[in-house]
Amino acid sequence: WLGDFYRRQKSKNGPLMATKATARKLAVIFYQMVKKKEGFVPIPITEYTEELKQRKLRYLQKQAMKLDMVLVES
């Protein structure tokens, strides 16, 4: 999922910002591991993609409401 995160950031902000964002995410993960003295438990890719899909859907619904439109599932 970190690779997917990097690719999404790269397409939005370019490779330099994507590298910085991914490095920050890794630093936060490392810090939490050291602070809590626990091992890293990655998010399952299916859970990650489902959450991403739900976030995109909420964003689209908000945008549609701003334009006085309604999203219809097909």
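In the next few minutes I will go through the helix packing, one salt bridge, a surface patch and a few single residues of the structure shown above. Please keep in mind throughout that this is a predicted model.

Let me begin with the first two helices. Helix 1, which covers residues 2–13, packs against helix 2 at an angle of about 145°, and the two axes are 7 Å apart. The crossing that helix 1 and helix 2 make is right-handed. If you would like to find this interface on the screen, look on the helix 1 side for Leu2, Phe5, Tyr6, Gln9, Lys10 and Asn13, which meet a set of residues in helix 2 that includes Pro15, Met17, Ala18, Thr19 and Ala21. Also in that helix 2 set are Thr22, Lys25 and Leu26.

One of these residues deserves a closer look, namely Gln9 in helix 1. Is Gln9 buried or exposed? Its relative accessible area is 12%, and because the cut-off for buried is under 20%, Gln9 counts as buried. Leaving aside residues up to four places away in sequence, Gln9 touches Gly14, Ala18 and Ala21.

Next comes the loop that joins helix 2, residues 15–36, to helix 3, and within that loop we find Ile43. Ile43 is partly exposed, at 34% relative accessibility. What does Ile43 touch, once residues up to four places away in sequence are set aside? The contacts are with Trp1 and Tyr48. Ile43 can also be placed relative to Leu2, since the two are 41 residues apart in sequence, while their C-alpha atoms are 9.6 Å apart in space.

Lys37 sits in that loop between helix 2 and helix 3 as well, and here the backbone is what I would point to. Most residues other than glycine have a negative phi. Lys37, although not a glycine, has a positive phi of about 55°, and with 75% relative accessibility Lys37 counts as exposed. A second residue of this kind is Asp68, which is not a glycine either and has a positive phi of about 55°. Asp68 belongs to the segment after helix 3, and with a relative accessible area of 74% it is exposed.

Now to helix 3 itself, which runs over residues 45–66 and contains Leu57. How many salt bridges are there in this model? The count comes to 1, and the partners are Arg55 and Glu51, whose side chains meet at 3.3 Å, N to O. Both Arg55 and Glu51 lie in helix 3, with their positions 4 residues apart in the numbering, about one turn of the helix. As for accessibility, Arg55 is partly exposed with a relative accessible area of 35%, and Glu51 is likewise partly exposed, at 40%.

Finally, I would like to turn to the surface. Which residues form the nonpolar patch there? They are Leu57, Tyr59, Leu60 and Leu71, and together these four have about 390 Å² of accessible area. Leu57, the helix 3 residue I mentioned a moment ago, has a relative accessibility of 35% and therefore counts as partly exposed, a value that is above the 30% a residue has to exceed in order to be part of a patch.

To close, the places I would ask you to look at again are the right-handed crossing of helix 1 and helix 2, the salt bridge between Arg55 and Glu51, and the nonpolar patch that includes Leu57.

Terms used
Residues numbered from 1 in each chain as written. Predicted model: local features only at pLDDT ≥ 70, side-chain atom pairs only at ≥ 80, totals over all residues. Heavy atoms only, no water. Patch = residues over 30% accessible without salt bridge, like charges linked within 9 Å, V, L, I, M, F, W, Y side chains within 5 Å. Areas by Shrake-Rupley, 256 points an atom, 1.4 Å probe, with all protein chains shown as cover. Helix = DSSP H or I, 4+ residues; strand = E, 2+ residues; numbered from the N terminus. Buried < 20%, exposed > 50% of the residue type's maximum accessible area, 1.4 Å probe, protein only. Contact = heavy atoms within 4.5 Å. Axes fitted to C-alpha atoms, helices over the stretch in contact; angles between N-to-C directions. Left-handed = near helix turned anticlockwise from the far one by under 90°.
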